[in-house]
Amino acid sequence: MTSAIPEAPLPAHPEARRFQGKVVFITGAARGQGRAEAVRFAAEGADIIALDICEDLPTTVYPGATEEDLAETARLVEKQGRKILTHKVDTRDYEGLEQALDASVAELGRLDVVVANAGMTTSGRAWEIDAEHWQATLDINLTGAFHTAKAAIPIMIEQAQGGAIIFTSSVAGLRGLPLIADYVAAKHGVTGLAKSLANELGEYRIRVNTVHPHGVDTDLAPGMRSIIEADPALGAHFLPTLPDQVSQVEDIAAAIAWLASNEARHVTGIQLPVDLGRTNR
């Protein structure tokens, strides 16, 4: 028997406003973890730049986010009394991403936190992954994250006010999980990219860290279930240590908000598991 999932975390006190006057850029913000992050930062005083592809992806088994999903994220942020600018952009499109970010920063006046969250996953044994699936997984999870950082970093350096960049990696960015070799390769790449950037950006007081969730209750969950069910023996590699089978999106948002806050001002270059103890196995 598993224990009940605890109530999702919220700011410790209603007056907690760690990001008052700040601007946060989030990719993959139409639903799931990205939406939870947008709402969490807005609840703590930030204005939001939200970007999502808002399309189905031909290489996934679950439906993609929609423009209506992105509009709902905007509604929830505005409910917190904060501004939000939304963009329907594929992170693989560097020029489109850069233009959207530049226009938003010009309107909102600054950029303080970047959350490179957009991602996807498929399943299959490594030698059976076709070229289309391999390339899509790397392009969306790794190249898209690189594009996000590449567009944001010059803005943050020019501001000369420091900042924080958080990449959503995964337990798959730390462990060799089976049946998702393309995703594992991409997320290991994200982890390495963040480590390099932490060294390069330290002199500008721009901190760079990765967060590593395990199972999270999002619209990607059907895809992950198909992975586990494909081979029960290999699926055992995905079992957590804590009784809860999955984290909630608010659990990941809380960790990211802490990493982005001044409370973590001396934390850079780390890999923070929020994984129900999975990396301890």
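Helices are DSSP runs of H or I with at least four residues, and they are numbered from the N terminus. Under that definition, helix α4 spans residues 131-159. The structure examined here is a predicted model. The results below begin with α4, then turn to the cavity that α4 helps to line, a pocket, helix α8 and several individual residues.

Helix α4 contains 29 residues. From its first C-alpha to its last, α4 reaches 41 Å. This is close to the 42 Å expected at 1.5 Å a residue. The helix nevertheless carries a kink of about 35°. D139 is at the centre of that kink. The N-terminal end of α4 is capped by D130. In this cap, a side-chain oxygen of D130 lies 3.1 Å from the backbone nitrogen of E132.

At the other end, α4 is followed by A160, whose phi is positive. The value is about 60°, although A160 is not a glycine. Most residues other than glycine have a negative phi. A160 belongs to the loop between α4 and β5. Its relative accessible area is 65%. The cut-off for exposed is over 50%, so A160 counts as exposed.

L179 also has a positive phi while being a residue other than glycine. Here the angle is near 75°. The residue sits in the loop between β5 and α5. L179 has a relative accessibility of 11%. Buried means under 20%, so L179 is assigned to the buried class. The two positive-phi residues thus differ in setting: A160 is exposed, whereas L179 is buried.

One cavity of 30 Å³ or more is present in the structure. The largest cavity encloses about 50 Å³ of space. Its lining consists of 14 residues. Closest to the centre are A116, N117, A118, N141 and A145. Three elements each give two or more residues to this lining: α4, β5 (163-168) and α5 (181-201). The kinked helix α4 gives the most, with 5 residues. By class, the lining holds 6 nonpolar residues, 7 polar residues and 1 charged residue.

The second largest pocket offers about 440 Å³ of space. It is lined by 20 residues. Those nearest its centre are G163, R205, R207, N262 and R265. Two or more lining residues come from each of β5 and β6 (206-213). The class split is 6 nonpolar, 8 polar and 6 charged. Strand β5 therefore appears in both linings, as one of the elements listed for the largest cavity and as one of those listed for this pocket, each element being a DSSP run.

Helix α8 covers residues 249-260, 12 in number. Its reach from first C-alpha to last is 17 Å. The expected figure, at 1.5 Å a residue, is 16 Å, so the two are close. Of the 12 residues in α8, 9 are buried, so the helix is largely enclosed by the rest of the structure. The buried set is V249, I252, A253, A254, A255, I256, A257, L259 and A260.

The loop between α7 (232-235) and α8 holds D244. This residue is buried, and its relative accessible area is 14%. D244 and L276 are 32 residues apart in sequence. In space, their C-alpha atoms are 7.3 Å apart.

Two serines make polar contacts with backbone atoms. S104 lies in helix α3, which runs over residues 94-108. With a relative accessible area of 1%, S104 is buried. Its side chain reaches the backbone oxygen of A100 at 3.0 Å. S170 is placed in the loop between β5 and α5. The relative accessibility of S170 is 8%, so this serine too counts as buried. A polar atom of its side chain lies 2.9 Å from the backbone nitrogen of A172. The partner atoms are thus a backbone oxygen for S104 and a backbone nitrogen for S170, both pairs being within the 3.5 Å limit for a polar contact.

How values were computed: Residues numbered from 1 in each chain as written. Predicted model: local features only at pLDDT ≥ 70, side-chain atom pairs only at ≥ 80, totals over all residues. Heavy atoms only, no water. 1 Å grid on protein atoms, 1.4 Å probe; cavity = no way out; pocket = protein on both sides within 12 Å on 5 of 7 lines; lining within 4 Å. Points joined across faces, edges and corners; volume = space filled by probe spheres on them. Nonpolar A, V, L, I, M, F, W, Y, C, P; charged D, E, K, R; others polar. Bend = angle between axes of the 7 residues up to and from the residue. Polar contact = N/O pair within 3.5 Å; in protein donor to acceptor, adjacent residues only side chain to side chain. Buried < 20%, exposed > 50% of the residue type's maximum accessible area, 1.4 Å probe, protein only.
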